Amino acid sequence: MFLEPDFNLESIYDIDISELKSVGIKLILFDLDSTLMKSKSGKFSFKTLQFLNDLKTNFHLAIVTNNKNEEYISKARSQVDIPVYSKAKKPDTKVLLSACKDFNVEPKYALMVGDRPLSDILGGKRAGMATILVDSISKDEENCIVRFARFLERLAIKK
Ligand SMILES: [Mg+2]
């Protein structure tokens with residue numbers, strides 16, 4: 001189905017670096033909230049920062065978020081040494097494609113990683129990128145309404 005991600009992983013830590021390298025991925029774009037940090041927390045965990053640092057030795061990295069809160073974004077920027085693109089309006093492709101341009105990487109060699117099928121995955125696919133859907137980084141702490149919304153959204157991507 002058109003919304004089906006190339007990979008569906010439990011978490012960002014399950015990303016297989018050697019597999020991505022073998023298919024020629026050069027740039028990884030990450031969603032921010034619920035993918036790299038707990039939603040609205042404004043803070044990366046030490047584990048995530050370590051993970052991003054390790055990944056950086058193999059790939060170009062960037063964060064592409066729909067978040068528009070400049071204060072929140074600058075707090076996120078201050079914690080990582082990778083570019084953060086805000087107000088992306090995913091599934092719009094404009095910001096995703098300009099990130100590729102900034103790194104001089106063709107979209108087919110870029111990968112979009114996110115927790116939302118209808119924004120992250122759809123946007124990545126429309127931009128011609130590989131896609132990985134991950135579970136929310138804080139799924140165990142989410143309330144039942146959020147969980148139900150996620151369940152419904154994931155139903156939409158089942159074959
Ligand atoms: Mg998200």
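Helices here are DSSP runs of H or I with at least four residues, strands are DSSP runs of E with at least two, and both are numbered from the N terminus.

**Figure 1. The whole fold, as a predicted model.** Starting at the N terminus, the elements go β-α-β-α-β-α-β-α-β-α-β-α. That gives the protein six helices and six strands. The radius of gyration is 14 Å and the globule rule gives 15 Å for 159 residues, so the protein is as compact as a globular protein of that length. Along the principal axes, its C-alpha atoms fill a box of roughly 40 × 35 × 30 Å. Contacts reach well along the chain here: of those with a separation of 6 or more, 65% are between residues 24 or more positions apart.

**Figure 2. Surface, burial and charge over the whole protein.** The accessible surface comes to about 8600 Å², and carbon and sulfur atoms hold 54% of that area. Of the 159 residues, 47% are buried. As for charge, there are 25 positive and 22 negative side chains, and the centres of these two sets sit 4 Å apart.

**Figure 3. The magnesium ion and its three aspartates.** Asp31 and Asp115 each coordinate the ion through OD, while Asp33 does so through O, with distances of 2.1 to 2.2 Å. Read along the chain, the donors follow the spacing D-x1-D-x81-D. Asp31 belongs to the loop between β2 (27-30) and α2 (46-55), and Asp115 to the loop between β5 (110-114) and α5 (117-126), so this pair ties together parts that are 84 residues apart in sequence. Is Asp31 buried or exposed? Asp31 is buried, and Asp115 is buried too.

**Figure 4. Arg150 and its neighbours.** Look for this arginine in helix α6, which covers residues 144-155. With a relative accessible area of 14%, Arg150 falls under the 20% cut-off, so it counts as buried. Which residues does Arg150 touch, leaving aside those up to four places away in sequence? They are Ser34, Asp115, Arg116, Ser136 and Glu142. One of these contacts, Asp115, is also a ligand of the magnesium ion.

**Figure 5. Leu9 in strand β1.** The strand spans residues 7-9. Leu9 has 18% relative accessibility and counts as buried. Setting aside residues up to four places away in sequence, Leu9 touches Asp14, Ile15, Ile132, Leu133, Val134 and Asp135. Take Ile132 from that list: Leu9 and Ile132 are 123 residues apart along the chain, yet their C-alpha atoms are separated by 7.0 Å.

**Figure 6. Helix α5, a mostly covered helix.** How many of the ten residues of α5 are buried? The count is seven, namely Pro117, Ser119, Asp120, Ile121, Leu122, Gly123 and Gly124. These buried residues pack against α4 (94-103), β5, β6 (130-134) and α6. After the helix comes Gly128, with a positive phi near 85°.

**Figure 7. The loop between β4 and α4, with a cis peptide bond and a positive phi.** Pro91 is in this loop, which follows β4 (84-85) and leads to α4. The bond joining Lys90 and Pro91 is cis, with omega at about 20°. Lys87 lies in this loop as well. Though not a glycine, Lys87 has a positive phi of about 50°. Its relative accessible area is 44%, which makes Lys87 partly exposed.

**Figure 8. Lys40, a second lysine to check for its backbone.** Where is Lys40? Look in the loop between β2 and α2. Its phi is positive, near 65°, in a residue other than glycine. Lys40 is exposed, at 72% relative accessible area. The loop between β2 and α2 also holds Asp31, which is buried.

**Figure 9. Ala156, in the segment after α6.** Here the chain has left the helix that carries Arg150. Ala156 has a relative accessible area of 32% and is partly exposed. From C-alpha to C-alpha, Ala156 and Ser136 are 17 Å apart in space, with their positions 20 residues apart in sequence. Ser136 is also one of the residues that Arg150 touches.

Notes
Residues are numbered from 1 along each chain as its sequence is written. This is a predicted model: local features need pLDDT of at least 70, side-chain atom pairs count only at pLDDT 80 or more; totals for chains, interfaces and linings use all residues. Side-chain values use heavy atoms; hydrogens and water are left out. The radius of gyration is taken over C-alpha atoms; the globule rule is 2.2 Å times the number of residues to the power 0.38. Buried means under 20% relative accessible area, exposed over 50%, partly exposed in between (1.4 Å probe, protein chains only). Contact means heavy atoms within 4.5 Å. Accessible areas come from the Shrake-Rupley method with a 1.4 Å probe; for residues, only the protein chains shown count as cover. Lys and Arg count as positive and Asp and Glu as negative; His and the chain ends are not counted. The place of a charge is taken as NZ of Lys, CZ of Arg, CG of Asp or CD of Glu. Donors are N, O and S atoms within 2.8 Å of the metal (3.2 Å for Na, K and Ca); water is not among the atoms, so sites may look incomplete.
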